[in-house]
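Let's take a look at one helix and its surroundings, and then at the empty spaces in this model. Have the sequence and the 3D view ready.

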Amino acid sequence: ADEVLSYAELDVRSNQLARHLIGLGLGPEDIVGLLLDRSPELIIAMLAVLKSGAGYLPLDPDYPGARLGFMVGDSGARCLLSSRDHAGSLVVADGAVLPPTLCLDDADLAARLRAYPAGPVSDGERCAPLRADNLAYLIYTSGSTGTPKGTALAHSNLLNYLNWARDTYPCDSGSGAPLNTSIAFDATITSLWLPLISGRSVHLFGVENEIVELGNQLRQNKRFSVVKLTPIHLDLLRESL
């Protein structure tokens, strides 16, 4: 919508949240679930988890509660970052216990986060040193052929892919990339991190009518640096245009 977040603000707020996570004992090889709308808070949370040394588990709020509960339980997530709208939407199996939940739109938590130092998080602050082979994120398959399965990606995997993508999809011109697909869809990695390592903008589209919105943006000649779509998205976009 009309909200804008600068690189400086993103850096400071993710550093502060990362320090809070470290204070909770979270670090390398721990998993933090992210159940948030497509919003600046989601990007802050993803970056904060990486800075803390932990790995993030993207959870789409549109998924059924039972599926969300399964992924959180199966992954062994130690913490959940969410909002007051979504924190109670997970459905867990009998006897299962949800990890502690932090609602990022809670005023008391926001005040506590602002009290943390704003500078870069050092390796000495983390619960353990962060290595290239530590987990960056855990993403689940669709489960269309059975039970969803988690796939773990290390920092080195993510870095190697983004270095390749930066050379393959030149992002040093144009206005960045639209984030118009679910954060639980692995292809979204390109639209999210590639602009941010290239000094460009990430344009967050709402979940409703996202293809229509993309068509509107293209009509206005927004000159995106890169737009990542599936063939199905292309068919819908062609109909929209």
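## Helix H5 and its neighbours

The buried residues of H5 are covered by, among others, helix H2 (40-52), strand S5 (135-140), strand S6 (150-154) and helix H6 (188-196). Contact here means heavy atoms within 4.5 Å, and helices (H or I, at least four residues) and strands (E, at least two) are DSSP runs numbered from the N terminus.

This is a predicted model, where local features need pLDDT of at least 70 and side-chain atom pairs pLDDT 80 or more, while totals for chains, interfaces and linings use all residues. Residues are numbered from 1 along each chain as its sequence is written, and side-chain values use heavy atoms, leaving out hydrogens and water.

## Two faces of H5

Which residues of H5 are buried? They are His155, Leu158, Leu162 and Ala165, where buried means under 20% relative accessible area and exposed over 50%, with partly exposed in between (1.4 Å probe, protein chains only). These buried residues cover an arc of only 95 degrees around the axis, so they sit on the same side of H5; the arc is taken from the directions from the helix axis to the C-beta atoms. On the face turned away from that side, you'll find the exposed residues Asn160 and Asp167.

Why does this pattern work? An α-helix has 3.6 residues a turn, so residues three or four places apart point the same way.
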